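The following questions and answers concern the fold and the charged contacts of one protein. Please consult the sequence and the structure shown below while reading.

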Amino acid sequence: EGRLRCCGSSLFLKKTYGVGYQLVIERLAAKAAIKNGDTGASASTMDALHGNDDRLKRIVTDNVHEASLLSNVGSEMSYQLPMGAASKFTPMFEGLDEEIDKGIISSY
């Protein structure tokens, strides 16, 4: 048994030891399918989920070039975003907000 203690603010610790931020984008089609009782991964549900992946990827990587896709499973796409790219997040968020308005994603 042991204990671990950290001294410093969360920002200091993330900057010193962290790898950056994690962005998780949740597609809307999966929530609608589950709400309607379709818990299986039918081909049409998967096509609806992943049909906009390229557009979502462009929104992220065109604004944050150093972003790397961590996973793309089910209704979620997950990206690792570097700490130093925080100044580029605003246009990325604006693009994702537009996708929410279009009904492509439910949240990020």
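Q: Over how many bridges do β2 and β3 pair?
A: The model discussed here is a predicted one. In it, Ser68 stands opposite Gln80 in β3. The two strands form a hairpin that has 2 residues between them, and Gly74 there takes a positive phi near 60°. The sense of the pairing of β2 and β3 is antiparallel, and the number of bridges is 5.

Q: Over how many bridges do strand β1 and strand β3 pair?
A: Strand β1 covers residues 21–27, strand β3 covers residues 76–81, and the two are antiparallel. Gln22 has Gln80 of β3 as its bridge partner, while Val24 is matched with Ser78 in β3. The count of bridges between β1 and β3 is 6.

Q: Which residue in β4 does Arg27 stand opposite?
A: β1 also pairs with strand β4, which spans residues 105–107. These strands run antiparallel and are joined by 2 bridges. The residue of β4 opposite Arg27 is Ile105.

Q: How many of the residues of β3 are buried?
A: A residue counts as buried when its relative accessible area is under 20%. Of the 108 residues of the protein, 29% fall into that class. Strand β3 is mostly covered, and of its 6 residues the number buried is 5.

Q: In what order do the elements of the protein run from the N terminus on?
A: The protein holds 5 helices and 4 strands. Helix α5 covers residues 89–102, and strand β4 covers residues 105–107. Read from the N terminus, the order of elements is α-β-α-α-α-β-β-α-β.

Q: Is Phe89 buried or exposed?
A: Phe89 has its place in helix α5. Its C-alpha atom is separated by 7.2 Å from that of Asn63, although the two residues are 26 apart along the chain. The limit for a buried residue is under 20% relative accessible area. Because the relative accessible area of Phe89 is 8%, the residue is classed as buried.

Q: Which parts of the chain does the pair of Glu99 and Arg55 tie together?
A: Glu99 and Arg55 form a salt bridge in which the closest N and O atoms are 3.2 Å apart. The two residues are 44 apart in sequence, so this contact ties together helix α5, which holds Glu99, and helix α4 (residues 53–63), which holds Arg55. The parts asked for are therefore helix α5 and helix α4.

Q: Is Glu99 buried or exposed, given its relative accessible area?
A: Arg55, the salt-bridge partner of Glu99, has a relative accessible area of 29% and is partly exposed. For Glu99 the relative accessible area is 2%. Since the cut-off for a buried residue is under 20%, Glu99 counts as buried.

Q: Which residues are joined into one network by salt bridges that share partners?
A: Lys102 and Glu99 meet through their side chains in a salt bridge with an N to O distance of 3.4 Å. Both lie in helix α5, and because they are 3 residues apart there, about one helical turn separates them. At 52% relative accessibility, Lys102 counts as exposed. Salt bridges with shared partners thus give one network whose members are Arg55, Glu99 and Lys102.

Q: How many residues apart are Lys88 and Glu66?
A: The side chains of Lys88 and Glu66 meet in a salt bridge with an N to O distance of 3.5 Å. Lys88 lies in the loop between β3 and α5, and Glu66 lies in the loop between α4 and β2 (68–73), so the pair links distant parts of the chain whose separation is 22 residues.

Q: Is Glu66 partly exposed or buried?
A: The structure holds 4 salt bridges, one of them being that of Lys88 and Glu66. Lys88 is partly exposed, at a relative accessible area of 29%. With a relative accessibility of 43%, Glu66 is classed as partly exposed.

Q: Which residues form a negative surface patch?
A: One member of the patch is Glu98, which is found in helix α5. Glu98 has a relative accessible area of 46% and is partly exposed. Membership of a patch needs over 30% relative accessible area, so Glu98 passes that cut-off. The complete patch consists of Glu94, Asp97, Glu98 and Asp101.

Key: Residues are numbered from 1 along each chain as its sequence is written. This is a predicted model: local features need pLDDT of at least 70, side-chain atom pairs count only at pLDDT 80 or more; totals for chains, interfaces and linings use all residues. Side-chain values use heavy atoms; hydrogens and water are left out. Patches are made of residues with over 30% relative accessible area and no salt bridge: like charges are joined within 9 Å, nonpolar side chains (Val, Leu, Ile, Met, Phe, Trp, Tyr) within 5 Å. Accessible areas come from the Shrake-Rupley method with a 1.4 Å probe; for residues, only the protein chains shown count as cover. Lys and Arg count as positive and Asp and Glu as negative; His and the chain ends are not counted. The place of a charge is taken as NZ of Lys, CZ of Arg, CG of Asp or CD of Glu. Buried means under 20% relative accessible area, exposed over 50%, partly exposed in between (1.4 Å probe, protein chains only). Two strands pair if DSSP finds at least two bridges between them.
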